[in-house]
There are 2 protein chains.
Amino acid sequence: MLYPGGKKRVIITNVSPKVEEGRFPAKAVVEQDVIIAADIFSDGHDAIAASAYIRTAGERQWAELPMRFVINDYWQAVFRATQKGMHEFRVTAWVDHYTTWKKGVKKKYDAGQDVRVELQIGAELLRDAASKNKGEADRLNAWAAQLLEFTDPGQGVLLALSNDVAAVMYWHRDRDTITEYPVTYRVEVERKKAGFSTWYELFPRSASPDVSRHGTFRDVAKLLPRIARMGFDVLYFPPIHPIGEVNRKGKNNSLTANPGDPGSPWAIGNRLGGHKAIHPELGSLADFKELIKAAGDHDIEIAMDIAYQCAPDHPYVKQHPQWFTWRPDGTVQYAENPPKKYEDILPFNFETDDWENLWKELKSVVDYWIDAGIRVFRIDNPHTKAFAFWEWMIREVREQYPDVIFLAEAFTRPRVMERLAKAGFNQSYTYFTWRNTKHEIEQYMTELTGTEMRHYFRPNFWPNTPDILPPILTHGGENAHIMRVVLAATLSSNYGLYGPVYEFGINTPHGAKEEYLDNEKYEIKHWEWDQYTRIGDIITRLNRIRRENAALQSTWNIQFAQTSNDQITCYVKIDADADNQLIIVVNLDVYHTQAAHVTLPVGMLGIGHHEPYMVVDLLGGGKYRWVGDINYVELNPYQMPAHIFKVVKLQQHEQ
Amino acid sequence: MLYPGGKKRVIITNVSPKVEEGRFPAKAVVEQDVIIAADIFSDGHDAIAASAYIRTAGERQWAELPMRFVINDYWQAVFRATQKGMHEFRVTAWVDHYTTWKKGVKKKYDAGQDVRVELQIGAELLRDAASKNKGEADRLNAWAAQLLEFTDPGQGVLLALSNDVAAVMYWHRDRDTITEYPVTYRVEVERKKAGFSTWYELFPRSASPDVSRHGTFRDVAKLLPRIARMGFDVLYFPPIHPIGEVNRKGKNNSLTANPGDPGSPWAIGNRLGGHKAIHPELGSLADFKELIKAAGDHDIEIAMDIAYQCAPDHPYVKQHPQWFTWRPDGTVQYAENPPKKYEDILPFNFETDDWENLWKELKSVVDYWIDAGIRVFRIDNPHTKAFAFWEWMIREVREQYPDVIFLAEAFTRPRVMERLAKAGFNQSYTYFTWRNTKHEIEQYMTELTGTEMRHYFRPNFWPNTPDILPPILTHGGENAHIMRVVLAATLSSNYGLYGPVYEFGINTPHGAKEEYLDNEKYEIKHWEWDQYTRIGDIITRLNRIRRENAALQSTWNIQFAQTSNDQITCYVKIDADADNQLIIVVNLDVYHTQAAHVTLPVGMLGIGHHEPYMVVDLLGGGKYRWVGDINYVELNPYQMPAHIFKVVKLQQHEQ
């Protein structure tokens, strides 16, 4: 043969969703509509048709989804994911001679041309299909005979156009000329929480109601009703393991610890154990399991921190010296960024010849805590461990436990963060923490939701972390705390807070650093959990609004609206069924009242350019009668820096 | 093994140039700088290094090109193509432990830290390399010994930083941990004319100086000095074959021809022959070959038209009836777009069971004319023939004759035009013909030069064709003809004109159609070739400017400048060596004088923001002293609608 498939005239290209040419699966969650799309076309003017096929990986049978033409050779099929797990899909297309003929005969008939020869051609098409499809041969041959028998060609045209004939011809297409796109792509469907989650971070050791006592898991259990009432569904702890005693850091990250300084939980391991042990003052493994269960009763999941690094006194150093880098002076190489030294932390050497055992051991840490009941992990600094390890480990874990969620704590360069998400991380920390202006926010959201990233990088927006106190929170105080959490909670379906300091508006920086003074990483805190705060109250409202409005449960349904004032950002969020339509308006200026005219994409909302409708503010209360595209907003940051408007059509509203 | 290459820590992604994931080669021309690029990074903070490898397809040896870091994990190597033909390239990268160590020891030494242990580590690195590289073992071991012997650690640091050691360590990297990108991509390097050509189209039958006589190849030969003087280097003819007599079209595309009507040259074939025959009134094959030779003496190549379609009396219809679609009434299916009929044209059926013989015969047409001396083909309506055929045919032809250039005449949908270029067409007609406003021009150029298209779609800009008289030429008259050819000749390194009507400013439309009245496709014209026209004079100047300015010999070096007036477009073109810098300013308003301030990207030009320089107008004459970014322009379309400024630095100018 001159060329394989020389008679296959249809071209399929730009199939999506795909990630890095199919090297990695795209991501979706249960009940999400996955749009399978491609550019599909043929030479000439013939009609074409296309189908997507989808199955869960491992199944033999494919389900066929007819694709429909959208615009400019772009075709799509919508697949609503129902089952968790890896899915595969492929795309096929073919020249649809029957439709070509049908449309031609109709046009010629309408133009008054003689279509008798055309009807003979149609009969041939039907007979040819009959010869190849025994099951439908009788019907097809009967139709063919009818086409030839009609005395009024108009009746032939009517038969040609009938849906029955079209359906049979569609399903019994000519298999010889079907173009099959050569690559099968993958979509991993995850549980809903991978796409919609609300995180609260606290240090269990600071959970004690008694100033003089180390907090325990049991103390945390008592906080569960409060956290649930605020609307959080993931409660994340820094590492809970024994803390290194060698080179322990003191308060404010000082190089020497004073007696009684608890050390950083990220300096993992001491004579009492390592990554599979629990710091005794927090409680026992049984206490921890009980806490996991109690949290479950409040629909809260406990997220554990996994930091693959060791304090110098971690048992691994003696048990597996080959996993570390040894220096000629007989010491283990600590972490460093010359000339800076991090002597309380020993990194693993991922180039060790014993890498396979290292990988297995690191995976066994995750397995251990899965056995204890954990399904959500926040991975510390994944960008300092080999990418290949993550890809292998996450795939292995998720094949066995598809509910497990890994959040990548990588605040690093874009390509690195992208790769970690491709390698399997289900959620990722982001640059949101430093994106403050309208331009920055719109550009970043466009990157996250309008590029290939939308298929694999699931952002989790954090206004703060124990490591990061961004300047806007320092300078903007309570107003900034409220404004930033409104943005996080409405821009991203996954968001989280380093909770107590945020609720209580603590924002004193450590000198010129963008870090908290008297950082909880290095000391035990005492919080007045019962204290009412305006920030906490608004967080509670926000989380309720998120639960009640499906539009806020996806990150990828955002559409920015033009505003006449750069201090005001406005975006529209609409759920998949377009039942829930929100207009969010945020004043980014934490000092001054700002006003703007916003120009809304009313077409998306199903509203006419001069049509009146109601917007009901779910956050600050109040409702307004708006008309068409352009409407006026004004926000005083000392009252409420944002509107979260629900759109209510007047007919609905008047009922 | 848990995972293939588990120790390979470097990630390579987004390798370019690639076309459709490597399915098609990228395109380049001889002497072009091909930028091989990729995103390359590792976990952690180690230094990395990368190399591209390139070879002509079929060679065994690869040439290694070290890649350099540019920005944000983006690395590149520049390959200057010297040889025609298909090339292959691949990308590799590795963690560079020696450089990591070298930088660390330098920083620690500079910070006053004790580096004696570091120097021992360096000695180990050198010894390890020595053990793996016999050829360099002596030198490496000697350096290792030196590192340990120095009493002043500063001397060790100096040795560590020496270029000699770095070079040896670079070339003797640790092979075990090299990441090799799994795909080898291709770049086809073509002769320079594929990237820089100037086309003139004429109908040979209208070349006669005698009104009463059919033009011949010999008449065309007499026009060669004129065409060469105007600066054209490709002379393109519509089909030169016998013209069908059955269903021949008359003047102005009328359905019936009068006696003496010559018919459309695209209705190919009659009893005298088909695609391998010459219309007898044009001359003999010998005349044609002589014309090709004479053209060559003027550095002009003859481009032939290949239209794979047949008049009803083409010999193929009887010889190969299986290549056509037969209707039940015993007639051959003619071309149609129901209810429109094109009864003078029979298309081939590319789904014929005899497709392999059809393909071979169609290729033999090209081979036949290559034998006659033709190396440039303009392919008529390629989008109505199977894509697979083009991919096969062009590849086969170019493997044997890498100088052959195929221009795709497809004015159709974007995805279809893109695919034809991917399938192998070396040049393509474009939408330029209808892109008139500043916004349209900038957007289209950005699409052509700033997306993946830049790697495979080589535009050829035509302000008119025998099929297309765009409204701007009708309404804008001579001014528009001048403005549009300036744009074509300076925006695109390949451009062409349907010559005589353009030079002579003929622009009467056929009723409301965007077509020429009394179209030369259906009748023989007589042109007063000796007549001077301002349009012709400016075309001549433009073509000389193109030859003398390398910046105009690439399409992909364009940078638009901001202008304060939407009627004025301004773009900067700089050649690869930055020796030739042009600023082109065009008044798009053909009726009124327009003025603007243009804001130039002076950084690209190596000019300071307040630095004076000269701009010399190569088109209209005159020179101006400009300063820095923002300068004033004013253009009267009745005088000259454009400046083509050459930038002259003052030092140069004053010499």
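**Exercise 1.** Which residue in strand 21 of chain B does S428(B) stand opposite?

*Solution.* The model examined here is predicted. Begin with the two strands concerned: strand 20 of chain B covers residues 427–429 and pairs with strand 21 of chain B in the parallel sense, over two bridges. Within strand 21 of chain B, the residue opposite S428(B) is P459(B).

**Exercise 2.** Place these strands in their sheet and identify its edges.

*Solution.* The sheet in chain B is open and has eight strands, paired in parallel and ordered 21-20-19-18-13-12-11-22. Strand 21 (459–460) and strand 22 (494–498) of chain B are the edge strands, each pairing on one side only. Next, consider what packs on the sheet: helix 9 of chain B, residues 355–371, touches strand 13 (301–306), strand 18 (376–380) and strand 19 (405–409) of chain B. The direction of helix 9 makes about 160° with that of strand 13 of chain B.

**Exercise 3.** Describe the interface of chain B and chain A.

*Solution.* First, take the extent: 64 residues of chain B contact 65 residues of chain A. The two chains bury about 6000 Å² between them, with 57% of this on carbon and sulfur atoms. Of the area that chain B buries against chain A, 13% comes from L2(B), Y3(B) and E351(B), more than from any other three residues.

Second, take the polar links. There are 12 salt bridges across the interface, and 25 residue pairs are in polar contact. The side chains of D73(A) and R413(B) form a salt bridge at 2.8 Å, N to O.

Finally, classify the residues of chain B that touch chain A: 23 are nonpolar, 13 polar and 28 charged.

Key
Residues numbered from 1 in each chain as written. Chains lettered and ligands numbered in written order. Predicted model: local features only at pLDDT ≥ 70, side-chain atom pairs only at ≥ 80, totals over all residues. Heavy atoms only, no water. Pairing = 2+ DSSP bridges. Helix = DSSP H or I, 4+ residues; strand = E, 2+ residues; numbered from the N terminus. Contact = heavy atoms within 4.5 Å. Axes fitted to C-alpha atoms, helices over the stretch in contact; angles between N-to-C directions. Buried area = accessible area lost by both parts, 1.4 Å probe. Salt bridge = Lys/Arg side-chain N within 4 Å of Asp/Glu carboxyl O. Polar contact = N/O pair within 3.5 Å; in protein donor to acceptor, adjacent residues only side chain to side chain. Nonpolar A, V, L, I, M, F, W, Y, C, P; charged D, E, K, R; others polar.
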